[in-house]
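Please open the model in your viewer and keep the selection panel at hand. The stops below go from one selection to the next, with a note on what is found at each.

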Amino acid sequence: MKLTFYKYQGTGNDFVVLDNRSGDISLTQEQVAFLCDRRKGVGADGLMLLQLKEGYDFEMVYYNADGRPSSMCGNGGRCLVAFAQFLGVVQEEAYFIASDGPHQAYLKDGLVHLQMIDVHHVEELENACFLNTGSPHYVQQVSGLQELDVFAEGRAVRYSDRFKAEGTNVNFVEHLPENRLFVRTYERGVEDETFSCGTGVTAAALAASRSGYQSPVNIKVLGGQLQVSFEKDGNSFKNVFLIGPAEQVFKGEISL
């Protein structure tokens with residue numbers, strides 16, 4: 001099978017993207033993992049299908065780099081909105097369905113503004129917190145983040161007794177002046193640090209609000225800059241938006 005694909009990236013979080021409006025594309029776990037392989041395939045942190053869904057502009061179907069279906073990916077969602085605009089499926093606004101439910105999005109001044117799910121609970125852990133922003137996230141504040149061994153430290157948390165069965169994404173957060181954060185993330189499914197994690201920086205911003213951070217929070221990641229805006233009500237958050245760039249890198253064909 002010859003497959004036409006597009007490569008997208010959002011602050012260094014990269015994806016193989018497929019137009020499956022015809023419904024003809026069906027991939028095995030092994031095929032998805034091959035396409036995401038950086039040595040033998042295209043190379044990506046994940047793979048997405050854009051599909052038709054009644055009542056929505058499109059459906060987002062997301063797979064981790066290991067080939068398994070996954071929970072919501074924030075940067076992936078932003079990239080898929082940009083892809084939908086490229087295809088002419090949407091113009092400046094989008095309404096789509098993902099694994100964690102419906103999402104609104106709009107494109108303005110070269111940035112994709114993606115509404116994330118409301119968050120109603122932040123669990124306090126020892127020296128960290130845990131919350132779900134469409135995907136599960138462990139958030140720990142640290143200092144000296146640039147020098148931290150995120151792979152080793154993140155892997156230790158992800159495979160700890162609490163999280164090893166279902167997995168969690170692990171975020172290390174350094175508080176910076178002027179309402180800014182520096183975030184590095186170990187992602188389950190990729191099983192490595194990525195250059196950026198959209199649901200992760202969202203979790204980091206919401207967690208930081210409990211330390212006095214105000215909306216919008218500006219966030220530095222290895223792959224660039226993101227912003228998270230929100231409305232806080234006690235321990236709950238609504239109207240949460242992940243804001244940042246999404247870029248088509250190239251189009252290609254590959255045989256499976």
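Select Cys 129 to begin, bearing in mind that this is a predicted model: with a relative accessibility of 2%, Cys 129 counts as buried. The structure as a whole holds zero disulfides, and Cys 129 is accordingly in none, the nearest cysteine sulfur being that of Cys 197, 14 Å away.

Go next to Cys 79, which is also buried, at a relative accessible area of 0%. Its closest cysteine sulfur belongs to Cys 73, and because the two sulfurs are 7.9 Å apart, they are too far from each other for a bond.

Now widen the selection to helix α2, residues 74-87, where Cys 79 is one of the buried residues, along with others including Gly 74, Arg 78 and Leu 80. Eleven of the 14 residues of α2 are buried, so the helix is largely enclosed by the rest of the structure. If you place a distance between the C-alpha atoms at its two ends, you should find 20 Å, which agrees with the 20 Å expected for 14 residues at 1.5 Å a residue. Just after α2, select Gly 88, which takes a positive phi of about 85°.

Stay with α2 and show the side chains of Phe 83 and Phe 86, which lie three residues apart in this helix, about one turn. Their ring centres are 6.3 Å apart and their planes are at 20°, so the pair counts as stacked. Phe 83 is buried at 0% relative accessibility, whereas Phe 86 is partly exposed at 45%. Adding Tyr 6 and Tyr 8 to the selection completes one aromatic cluster with these two phenylalanines.

For a contrasting arrangement, select Phe 230 and Phe 237, whose planes stand at 80° with the ring centres 5.8 Å apart, so that this pair is edge-to-face. Both of these residues are buried.

Two charged side chains come next. Arg 162 lies over the face of Phe 130, 5.1 Å from the ring centre, and the charged end of Lys 220 sits over the ring of Phe 182, at 4.4 Å from its centre.

Finish with the largest nonpolar core, which has 51 residues, and in which Phe 58, Met 60, Phe 96, Leu 181 and Ile 219 have the most contacts. Helix α4, residues 198-209, gives the most to this core, with seven residues. Centre the view on Ile 219 and look for the residues it touches beyond four places in sequence, among them Leu 181, Val 201 and Leu 226. A second, separate core of 18 residues can then be selected, starting from Val 16, Leu 35, Cys 36 and Ala 65, which it includes.

Terms used: Residues numbered from 1 in each chain as written. Predicted model: local features only at pLDDT ≥ 70, side-chain atom pairs only at ≥ 80, totals over all residues. Heavy atoms only, no water. Core = buried A, V, L, I, M, F, W, Y, C linked by side-chain atoms within 4.5 Å. Buried < 20%, exposed > 50% of the residue type's maximum accessible area, 1.4 Å probe, protein only. Helix = DSSP H or I, 4+ residues; strand = E, 2+ residues; numbered from the N terminus. Contact = heavy atoms within 4.5 Å. Disulfide = S-S within 2.5 Å. Expected span 1.5 Å × (residues − 1). Phe/Tyr/Trp six-rings, centres within 6.5 Å; stacked < 30°, edge-to-face > 60°. Lys NZ or Arg CZ within 6 Å of the ring centre and 35° of its normal.
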